[in-house]
Amino acid sequence: MRPGLPVLIALAAVPGACASPGPQGVAVYQPAPGISEVLSGPIQAAPGHHLVTGDLNIPAHAPIPRHYHHGEEFLYILGGSTVIVREGMGEKELRPGQAIRIAPGTVHWGKAGPEGLRAVSSWVVPDGQPLRVAVP
């Protein structure tokens, strides 16, 4: 038996344990509700900054509280929908396949759509600064 094959067989015996079928039967990871940080590290081309990437799995109609970031946020919608409000810019609805860049220091908030929200977000964070700053 090849090395690693028993592990593959064991994983195959538990379909759906960590994934569910997506388009064309491709398994798609289903994280717990909330925002899961999946990657973080320095940006060599931008000294003094690091990148944080998150997997967003927000329940239906859940609020996204008012906040801002010290660096840019890049949000890409995978499933469901959201309404994002950027201070002074009004509401913007985002659906699967759509994306938005939120400039540093922009106060924003929103709400997940009726089917919830699945998205990937990346933040450019200046070293020594928090990822998110809550705004009352």
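The legends below accompany close-up views of a predicted model of one protein chain.

**View 1. Overall architecture of the protein chain.**
The secondary structure of this predicted chain is made up of one helix and 10 strands, and along the sequence these elements follow the order α-β-β-β-β-β-β-β-β-β-β. Of the 136 residues in the chain, 32% count as buried, while the area that the chain exposes comes to about 8,200 Å², with carbon and sulfur atoms supplying 63% of it. When contacts are restricted to residues at least 6 apart in sequence, 64% of them join residues at least 24 apart.

**View 2. Strand β4 and its pairing with β3 and β9.**
Strand β4, which spans residues 49-58, is mostly covered, since eight of its 10 residues are buried. With strand β3 (residues 34-42), β4 pairs in the antiparallel sense over eight bridges, and Leu-39 has Thr-53 of β4 as its bridge partner. Strands β3 and β4 form a hairpin with six residues between them, and within the turn Gly-48 has a positive phi of about 90°. Strand β4 also runs antiparallel to strand β9 (residues 108-126), to which 10 bridges join it; here the bridge partner of Asp-55 is Val-120 of β9.

**View 3. The surroundings of Ser-81 in strand β6.**
Ser-81 lies in strand β6 and counts as buried because its relative accessible area, 3%, falls under the 20% cut-off. The side chain of Ser-81 makes a polar contact, at 2.7 Å, with the side chain of Glu-115. Leaving aside neighbours within four places in sequence, the residues in contact with Ser-81 include Glu-93, Leu-94 and Arg-95, and also Ala-112, Gly-113, Pro-114, Glu-115, Gly-116 and Leu-117.

**View 4. A nonpolar surface patch that includes Leu-78.**
Tyr-76, Leu-78 and Val-120 together make a nonpolar surface patch of about 240 Å². Leu-78 belongs to strand β6, which covers residues 73-86, and with a relative accessibility of 44% Leu-78 counts as partly exposed, because this value lies between the 20% and 50% cut-offs. Val-120, another member of the patch, is also the residue of β9 that serves as bridge partner to Asp-55. As general background to this view, in a regular strand the side chains alternate between the two faces of the sheet.

Methods: Residues numbered from 1 in each chain as written. Predicted model: local features only at pLDDT ≥ 70, side-chain atom pairs only at ≥ 80, totals over all residues. Heavy atoms only, no water. Patch = residues over 30% accessible without salt bridge, like charges linked within 9 Å, V, L, I, M, F, W, Y side chains within 5 Å. Areas by Shrake-Rupley, 256 points an atom, 1.4 Å probe, with all protein chains shown as cover. Salt bridge = Lys/Arg side-chain N within 4 Å of Asp/Glu carboxyl O. Helix = DSSP H or I, 4+ residues; strand = E, 2+ residues; numbered from the N terminus. Buried < 20%, exposed > 50% of the residue type's maximum accessible area, 1.4 Å probe, protein only. Contact = heavy atoms within 4.5 Å. Pairing = 2+ DSSP bridges. Polar contact = N/O pair within 3.5 Å; in protein donor to acceptor, adjacent residues only side chain to side chain.
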